[in-house]
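Work through the following exercises with the sequence and the model open side by side. Each one sets a task and then solves it in steps.

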Amino acid sequence: MKKFILFIAVVLVVVGCRDRQSQIPVVAVNFSININEPQFFDLSVPTGYVYVIGGSQGIIVYRINETDFIALERHSPVNPENDCQVVVAEDGVIIEDPCSNARWLINDGSVVDGDNSFALRTYETSFNNPILYIFN
């Protein structure tokens with residue numbers, strides 16, 4: 001009986017954690033950008049980033065190196081019901097949630113600190129210079 005109660009408790013914790021992440025709407029993403037266009041000038045060099053429309057609350061596109069990019073959802077996974085948009089900090093390395101002060105690394109969306117255990121949602125990217133495809 002104790003094992004059964006422990007099992008139920010673990011299931012409830014796991015479902016509760018998943019439920020928090022699933023509150024961020026899954027939105028179909030499938031578009032391309034030409035990084036040579038003026039509005040995407042910051043993506044012409046590694047460590048550059050831009051905000052683009054798409055996803056649930058927008059997307060941060062970051063250029064990791066000459067060939068690799070990452071696309072990160074701006075809808076914060078911390079208290080997703082608040083619809084907070086994450087922003088890139090002044091240092092260009094950290095992404096911050098202004099509502100909770102949680103922080104993530106821009107190069108992979110992993111957690112740095114704050115009351116948070118969820119990485120930022122990522123979208124797939126494919127680069128065929130100068131076209132960057134972003135999709136899920």
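**Exercise 1. The two faces of a strand**

In strand β3 the residues I59, V61 and R63 point one way while I60 and Y62 point the other way, and all of them are buried. Bear in mind throughout that the model is predicted. The task is to state how far β3 (residues 59-63) is covered and to relate this to the directions of its side chains.

Solution. Begin with the general rule: in a regular strand, side chains alternate between the two faces of the sheet. The split of I59, V61 and R63 against I60 and Y62 is then to be read residue by residue along β3. Next, take the burial: β3 is mostly covered, with five of its five residues buried. For R63 the value behind this statement is a relative accessibility of 4%, and since buried means under 20%, R63 counts as buried.

**Exercise 2. The partners of β3**

Determine which strands pair with β3, in which sense, and over how many bridges.

Solution. On one hand, strand β2 (residues 49-52) pairs with β3 in the antiparallel sense, and four bridges hold this pairing. Within it, Y49 is found opposite Y62 of β3. The connection between β2 and β3 is a hairpin with six residues between the strands, and in its turn G54 has a positive phi of about 150°. On the other hand, β3 is joined by five bridges to strand β4 (residues 69-73), again with the two strands running antiparallel. Here I59 has E73 of β4 opposite it, and the two strands make a hairpin with five residues between them.

**Exercise 3. The nonpolar cores**

Identify the residues with the most contacts inside the largest nonpolar core, and say which elements give two or more residues to this core.

Solution. The largest nonpolar core has 14 residues, and those with the most contacts inside it are L43, I59, V61, L132 and I134. Two or more residues come from each of β2, β3, β4 and β10 (131-135). To follow one member further, take L132 and leave aside its neighbours within four places in sequence: its contacts then include V61, F69 and F127, and also F31, I33 and I35. Apart from this core lies another, of 12 residues, with V86, I95, W104 and I106 among them.

**Exercise 4. Classifying the aromatic pairs**

How many aromatic pairs are there, and what geometry does each one have?

Solution. The count comes to two aromatic pairs. As a first step, recall that a pair of aromatic rings is described by the distance of the centres and the angle of the planes. For Y49 and Y51 the ring centres are 5.9 Å apart and the planes stand at 80°; angles over 60 degrees count as edge-to-face, so this pair is edge-to-face. Y49 is partly exposed at a relative accessible area of 25%, and Y51 is partly exposed at 36%. For F69 and F127 the centres are 4.8 Å apart and the planes are at 55°, so this pair is tilted. The pair links distant parts of the chain, F69 lying in strand β4 and F127 in strand β9 (residues 122-128), 58 residues apart. F69 counts as buried at 7% relative accessibility, whereas F127 is partly exposed at 21%.

**Exercise 5. The open sheet and the salt bridges**

Describe the open sheet of four strands, and then locate the two salt bridges that a search of the whole structure finds.

Solution. The strand order of the open sheet is β5-β6-β7-β8, with antiparallel pairing. Because β5 (87-88) and β8 (111-113) stand at its edges with a single partner strand each, one side of each is left without a neighbour in the sheet. Strand β7 (residues 103-105) pairs with β8 over two bridges in the antiparallel sense, and W104 is opposite V111 of β8.

Turning to the salt bridges, R103 forms one with D113, the closest N and O atoms being 3.1 Å apart. R103 lies in β7 and D113 in β8, so the pair ties together parts that are 10 residues apart in sequence. R103 counts as partly exposed at 27% relative accessibility, and D113 is partly exposed at 33%. In the other salt bridge, the side chains of R63 and E66 meet at 3.8 Å, N to O. Here R63 counts as buried at 4%, while E66 counts as exposed at 51%.

How values were computed:
Residues numbered from 1 in each chain as written. Predicted model: local features only at pLDDT ≥ 70, side-chain atom pairs only at ≥ 80, totals over all residues. Heavy atoms only, no water. Buried < 20%, exposed > 50% of the residue type's maximum accessible area, 1.4 Å probe, protein only. Pairing = 2+ DSSP bridges. Core = buried A, V, L, I, M, F, W, Y, C linked by side-chain atoms within 4.5 Å. Contact = heavy atoms within 4.5 Å. Phe/Tyr/Trp six-rings, centres within 6.5 Å; stacked < 30°, edge-to-face > 60°.
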